[in-house]
Amino acid sequence: MQPMDPLTLKDLLRQAWTAQLESVALWHEEEAPADLPARPGDGLVGLVLRQHLKNFLLWHVEDRARRKDVDDSVITGCKREIDGLNQQRNDLMEQVDAWLVRAVAAFAAQKALPEESRRFNTETLGAALDRLSILSLKIFHMREQTGRVDVDAGHLESCRDRLALLEAQHRDLSRSILELIDDYAQGVKSPKVYFQCKMYNDPALNPELYAAKPVAG
């Protein structure tokens, strides 16, 4: 990782959420990739896009899972796909946070303070970027709704209002992320990775899975 300062990190963060918005449109024009493998030298933007792709894929599997005109086996398959994608999404969110903690450590004023003296935000930068990822998906799909020709004027007006609300939320959250970088630099807050410790996909931790294992004998 190159030496980091607040201005450089802020620029990378702006690039990251701009890439989220742009890739949603791109992946709807062209078929979305099944994965974006890590490459040597990948920085924050590449890592954020890998995490963002999981949200993109989850969005569309969740849509499919709500169909009522398909066999139950299709819904079961969707549920298993959702579980896998959600696990990958959370794992990548933790990787984003780990990258950002290392970056902030280069300039954070509180890095030498003992744990009990540090102050933490209620949400990590990785979690905030995950929320921006989901907001970018909502913005794209709500904008689609404002262009429909098979609905009445009331539907279009409602969707335009919701689109404006989503765009405002995206601006607010983006600004809050940049302000948090300032808090880190000034020692007001301190960054940390909070691991999800998901249990449901782990056969050693989910009682429904380990209880179903045949007893050796």
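**Cysteines**

I looked up cysteine 159 in this predicted model. Is cysteine 159 buried or exposed? Its relative accessibility is 5%, so cysteine 159 counts as buried; the cut-off for buried is under 20%. I then checked cysteine 78, which has a relative accessibility of 1% and therefore counts as buried.

Next I asked how many disulfides a search of the whole structure finds. I got zero. For the record, a disulfide is a covalent bond between the sulfur atoms of two cysteines.

**Chain overview**

I listed the elements of the protein chain and got six helices and zero strands. Read from the N terminus, the order is α-α-α-α-α-α. I took the box of the C-alpha atoms along the principal axes, and its sides are roughly 65 × 60 × 35 Å. The chain has 217 residues, and I noted that 37% of them are buried.

**Helices H4 and H5**

I noted beforehand that two packed helices are described by the angle between their axes and the distance between the axes. H4 covers residues 125-145 and H5 covers residues 153-186. How do their axes cross, and within what distance do they come? I read a crossing angle of roughly 160° and an approach within 9 Å. H4 is therefore roughly antiparallel to H5, since angles over 145 degrees fall in that class. I recorded the handedness of the H4 and H5 crossing as left-handed.

I also sorted the residues of the contact between H4 and H5 by class. I counted 16 nonpolar residues there, along with five polar and five charged ones.

**Helices H1 and H5**

I repeated the axis check for H1 with H5. Their axes come within 10 Å, and the crossing angle is roughly 160°. This makes H1 roughly antiparallel to H5. Which hand does the crossing of H1 and H5 have? I noted it as right-handed, whereas the crossing of H4 and H5 is left-handed.

**Coiled-coil annotation**

I pulled the UniProt record, an unreviewed entry, and found the feature "coiled-coil region" placed at residues 75-102. I then looked at what the model has in that span. Residues 75-102 are 100% helix and 0% strand. From one end C-alpha atom of the span to the other I read 41 Å.

**Single residues**

I looked up leucine 85 and found it in helix H3, residues 72-105. Leucine 85 has a relative accessible area of 8% and is buried. I paired leucine 85 with asparagine 55, 30 residues away in sequence, and the C-alpha to C-alpha distance is 7.9 Å.

Threonine 8 sits in helix H1, residues 6-29. I asked why threonine 8 is partly exposed. Its relative accessible area is 25%, and partly exposed covers values between the 20% limit for buried and the 50% limit for exposed. I paired threonine 8 with glutamine 145, and their C-alpha atoms are 37 Å apart, with a sequence separation of 137 residues.

Arginine 64 was my next entry, in helix H2, residues 44-65. With a relative accessible area of 34%, arginine 64 is partly exposed. I set arginine 64 against glutamine 15, 49 residues apart along the chain, and read 31 Å between their C-alpha atoms.

Conventions
Residues numbered from 1 in each chain as written. Predicted model: local features only at pLDDT ≥ 70, side-chain atom pairs only at ≥ 80, totals over all residues. Heavy atoms only, no water. UniProt positions renumbered as here; feature names shortened; annotations may be inferred. Helix = DSSP H or I, 4+ residues; strand = E, 2+ residues; numbered from the N terminus. Disulfide = S-S within 2.5 Å. Buried < 20%, exposed > 50% of the residue type's maximum accessible area, 1.4 Å probe, protein only. Axes fitted to C-alpha atoms, helices over the stretch in contact; angles between N-to-C directions. Parallel < 35°, antiparallel > 145°, perpendicular 65-115°, else oblique. Left-handed = near helix turned anticlockwise from the far one by under 90°. Nonpolar A, V, L, I, M, F, W, Y, C, P; charged D, E, K, R; others polar.
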